[in-house]
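User: Please take me through the reasoning behind several assignments in this structure. I should like each conclusion set against its criterion.

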Amino acid sequence: MRLINSRLLALSSALLLAAVACDASENPRYGGTLRVEVHAASISLDPREWKVGSLESARNEKLGELVFERLLALDNYGRFQPVLATEWSHDGSNKRWRFTIRAGVKFSDGAPLSAEDVVAALQPLLPAALQISASGNAVVIQSAQQMPDLLEQLASGHYLVYRVLAGGALAGTGPFVLGEPQAAGTPSRGPGSHLFFRANEEAWSGRPFVDGIDVTLGVPPLRAMFDLQLGKADLIELSPELVPRARQANLRVWSSEPVMLYGLRFDDAQAAASDVRLREALSLSLDRGTMATVLLQKQAEPAAALLPQWLSGYAFLFNVDTNLERAKELRRTLPANEAAGAEPLRLRVDPSGDLAKLLGERVAVNARQAAILVQVVARPVSHAGATSPAPADPTSGVHLFAWHYSSLSPRAELDSLFAAYNLNEPSEVNATSTADEQLYARERRVLEDRRVLPLIMQAESVGLGANVRDWMPARWGEWRLADVWLETPEPAAADSLNPGNSAAQSSPQPRAAAPGAKP
Amino acid sequence: MRQLARRVWVSIRATTVGCEFRNLSSMPSAEFASLSTAFQEELQRRGVKIQTEAAVGLVVSVTQNTTEYLGVVQILRKENAETIMDTLGLLKGPAAPEPAFSLALHRELLFSQDDPILDVVLDRDTKHAYVLGTQEISSYEWRGEQWVPTGSEHLPTHQPAERGGRGLFAMGIDSQAVYLPGELCRISFVDRKGWSCEKTADHMPVRTVSPEALAGKKSGAWSSAAQFETEGKTKIMVTGQDGIARLYEDGAEPVAVFSNWGSELASVYSGCGSGWQLLVTGKGDWTKADEIQAIDIKDRRARSVSVSMEFPGPIVALHTPATRTADNAAANAMAVAVDRNLETGRYEAYQLSITCSK
């Protein structure tokens, strides 16, 4: 928890410094194109396709939030703010919730938002146990189970409202509309494909400050950092290993709370992995501190829990210390051939990328110090169009996974994580309760079984150009680009250099300072 | 926090404990200190001594998730450890500007009784008090440093007392009235006929809020209301039975909604901040201890301006004093609260007052 507090302090200090650096009394300006570079080569803007917990889904969500909106939002102070719903209420048992839908909202194709639209959008996204129906200008969500955390769920993840147009495209009500780059606008930026989001002039919350957002896909991390340094990009995803370098280069860097968990999950496919003593020995051998500080250059925290402190509030109760002597002692109690030379414990690294591979190798090095042999095997990749079948997946006893938190409800997040990794809970735990004590008990029991071992929790970082103003993201990583504006050079000079970033001459509908704060 | 302390007390079964407090949240230090004190007081009230060296150690942490503060107590014994946690209310926002003033809530226990207390009226002479029960009015008199019961009058109601019912006692110069759920009882001292009751479908009135003003508001079924003035306007806050509090100005539609409060509220005047503040109860049912805090309304936004005052049980009634009139400024800074003590099961009436330090 001390680490988290330091992080909060650092973040507060960073915000303070940023506030001092730019003129706090300066009014936002309209106009310009925000140039964004991301590592992903492709993006899906259909919330129905997003896979909970995946890094890809988190990236999709960030861009999806430009176009689509949720019923409500959670601000950085823990307060729910109305978005597409203006009011909500629930019955005494928290089993039936009613949300009044904001009047006067239009989708980007001009169609008015109705309660039926909200039902059609959310129905495929909500868990099967939840029924949603329209009732006049409101939607009603009900379940046989209590849902005290429904607001947290609906304020996060894929619960975005969309309308399916003829032809299958989706329209949203958000501050931006996916479209073609302006004819006179965006300069070419090499081979990477682009997505262009133009300002939604009819957005109910007010037109965003920038005219558009040009997203370049598939930009390698180092290249993105150079583009930011050279002023070719305004906002880039920053890989953790590049954060210290970016700071050294005096670039503006923002980091979220830890939002990505790396961990190990044991499978019974290999006999050794089913031995709890081996799992405990491996856990005790792991040097999570070195993984966080050296491999991730302090851009991660050692993880003892499955949920981060900022989400659960109780993660500080868990701790795992490295204890090599105890690990060796446990190893000696195991059969000599278990996880030994003839048949090492095979560790399959599921996430792609160098970081996951390095983490896998570090696990193997730590394990070897406790006389446990771990062989790292890469996940077989089947190449599209290949004539020969993909190589067979060797049976592995443990695999390294990456999980991106997506829900602001700790219960929903734990449910998703348990379901994704088939972590069975002992029956005496009341799985339907959202009481923090029950949640803690559920997580503790699963961790005590050691079928899953948390390794590290990693924050997300963003590099920002000096001209980006009012960058006010959620601490869990939402970008909130509708409030961002660009400080541009004198219009005449800017026009001649970069037409895409010229200040808008039109008289746009002003953006509300705090959309939805006063229903 | 007191509830958390009570749960810890049940679990520790020890007479001496060591205590360590940690604030791992964004809670302001003054509030954290107040909670720590409340926790220790509650244990001490139950005979637990707090010492540096003890066989049982308590590590009390205040932490937070995305929306709420959590109290987490680790009970450390030689043989084992146990963890107890409970929510401590919604986050109040680390970046919210600190008010330039602070309000202190004070309470004075008036009397307690086994039967429900629906309303309390203190006479202007401050020596007589009347307690409205579900079917009777009890009289108290101030004698030698304490309130002494002096009598009781039965109300000839037509229907049985309502469980968890509400009530209001109104005193006039030559008449009195009692409003109970679905029933209105009256007495006239002119005709000397005694109490008579009749059924009514009217909503129970609220002191200082005119029925006409309330009737024009689109509020649905409501529990409690308070009228106050800020920014030169008269405003009404109504707590709905759906758990939402709604703020009304001139129009019939609410101008702001708040979902973090309980069902009881009353207005008090401190002269600080917006002048008038609201006293609001906490969320929770009648199985939980409650709290009251002062809220300042400015720009249609609510801001907590006092430390929460904890009570040993749920607040079942919170009223503006019957003596509040334009010529009685002292009564403006007061309210009457009734709780049901979870330990004793008795109903307790408190007089609340508010003071301001700038």
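User: What covers the buried residues of α10(A)?

Analyst: In this predicted model, the cover of the buried residues of α10(A) includes α7 (276-285) of chain A. Such cover is a matter of contact, which requires C-beta atoms within 7 Å.

User: Which residues of helix α10 of chain A are called buried, and what makes them so?

Analyst: They are A:A327, A:L330 and A:R331, in a helix that spans residues 324-332. The term requires 20 or more other C-beta atoms within 10 Å of a residue's own, so each of A:A327, A:L330 and A:R331 meets that count.

User: Why are these residues placed on the same side of α10(A)?

Analyst: Their arc around the axis is only 105 degrees, and they therefore lie on the same side of α10(A). On the other side, A:E325 and A:R332 are exposed; that label calls for 12 or fewer C-beta atoms within the 10 Å radius.

User: Which residues of helix α12 of chain A are buried, and what covers them?

Analyst: In α12(A), residues 410-420, the buried residues are A:P410, A:R411, A:A412, A:E413, A:L414 and A:L417. Their cover includes α4 (150-154), α9, β18 (398-404) and α13 of chain A. After α12(A) comes A:N422, with a positive phi near 50 degrees.

User: Why do β4 and β6 of chain A count as edge strands?

Analyst: The order β4-β5-β7-β6 (chain A) describes an open sheet of four strands with antiparallel pairing. β4 and β6 (130-135) each have a single partner strand, so one side of each lacks a neighbour in the sheet. Neighbouring strands are turned against each other by 20 degrees on average, direction ignored.

User: How do you know that β6(A) and β7(A) pair?

Analyst: Pairing needs at least two bridges; six bridges join β6(A) to β7 (residues 138-143), and the two run antiparallel, so the criterion is met. Across this pair, A:Q131 stands opposite A:Q142 in β7(A). Helix α3 (residues 115-122) of chain A packs on the sheet, touching β5 (96-101), β6 and β7, and its direction makes about 165 degrees with that of β6(A).

User: How many residues does each chain bring to the contact between A and B, and which elements of chain A supply them?

Analyst: Chain A brings 24 residues and chain B 23 residues. On the side of chain A, β4 (85-90), α9 (309-312) and α13 (436-449) each supply at least two residues. By class, that side has twelve nonpolar, six polar and six charged residues.

Conventions: Residues are numbered from 1 along each chain as its sequence is written. Chains are lettered from A and ligands numbered from 1 in the order in which they are written. This is a predicted model: local features need pLDDT of at least 70, side-chain atom pairs count only at pLDDT 80 or more; totals for chains, interfaces and linings use all residues. Two residues are in contact if their C-beta atoms, placed from the backbone, lie within 7 Å. Ala, Val, Leu, Ile, Met, Phe, Trp, Tyr, Cys and Pro count as nonpolar, Asp, Glu, Lys and Arg as charged, and the others, Gly among them, as polar. Axes are lines fitted to C-alpha atoms, for helices over the stretch in contact, and angles run from 0 to 180 degrees between N-to-C directions. The arc is that of the directions from the helix axis to the C-beta atoms.
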